[in-house]
Amino acid sequence: MTETTDIEVTTAQAFEAVRHELSLLHNAVANLTAARERIPDHTAALDGIDRSLGNVRARLAAIEQAPAVSLTPAEMTKQINLAAQTVRTEDRRMLDIARAALDRSAGQIDSVVKRGQAADQQIERQIWSAAAGLLAGSLLCATLPGAIARSLPASWHVPEWMAARTMNMDQRAAGERLIATARGPERP
């Protein structure tokens with residue numbers, strides 16, 4: 001009987017072990033199903049990444065087709081120098097245009113300044129001319145009547161008439177006074 005008990009114990013233990021294993025397996029399968037349900041859906045993100053990679057591939061293809069990538073350093077240097085020369089030529093042309101405009105503006109400013117100076121000089125010349133005319137007129141008025149009076153006939157008595165007018169007296173009183181002053185102070 002000992003043999004049968006040992007076998008039964010071993011069989012019972014084996015069944016228990018199998019049941020335990022099945023229980024573990026059942027729990028594992030149930031957990032896998034639950035874990036699968038909890039996994040987020042990454043399809044949209046993966047589609048976005050795929051589109052981004054497509055754009056990157058297209059840009060890389062465009063860059064590979066660009067002529068600058070296929071140029072050697074010497075050819076690239078030639079291209080850069082040619083472009084720089086073109087830009088410098090355009091800059092020189094623009095500077096020439098600006099210089100011409102600046103020269104025209106400076107010429108206009110100079111002409112305005114010269115007109116202002118000419119107006120000032122004209123006013124100054126007019127003042128000097130007026131002063132010279134006044135002086136010449138004064139000298140002429142001082143000398144011309146005397147010259148005319150001396151050139152007229154003596155019978156007209158113009159110098160005597162002028163002397164009387166100058167002294168604001170009649171001719172007789174003016175003559176007496178002239179004679180009195182011509183003798184000088186009387187001596188006793």
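**Group meeting: an all-helix predicted model**

The protein exposes about 16,900 Å², and carbon and sulfur atoms supply 63% of that area; accessible areas here come from the Shrake-Rupley method with a 1.4 Å probe, and for residues only the protein chains shown count as cover. This is a predicted model, where local features need pLDDT of at least 70, side-chain atom pairs count only at pLDDT 80 or more, and totals for chains, interfaces and linings use all residues. Residues are numbered from 1 along each chain as its sequence is written, and side-chain values use heavy atoms, with hydrogens and water left out.

Next, the fold. The secondary structure comes to 6 helices and 0 strands, a helix being a DSSP run of H or I with at least four residues and a strand a run of E with at least two, numbered from the N terminus. The radius of gyration is 66 Å, well over the 16 Å that the globule rule gives for 188 residues, so the protein is more spread out than a compact globule. That radius is taken over C-alpha atoms, and the rule is 2.2 Å times the number of residues to the power 0.38. Along its principal axes the C-alpha trace spans about 210 × 50 × 30 Å.

Of the 188 residues, 3% count as buried, meaning under 20% relative accessible area; exposed is over 50%, and partly exposed lies in between (1.4 Å probe, protein chains only).

One residue to look at is aspartate 41, in the loop between α1 (2-38) and α2 (43-65). Aspartate 41 counts as exposed because its relative accessibility is 67%. From aspartate 41 to glutamine 117 is 76 residues in sequence and 91 Å in space, C-alpha to C-alpha.
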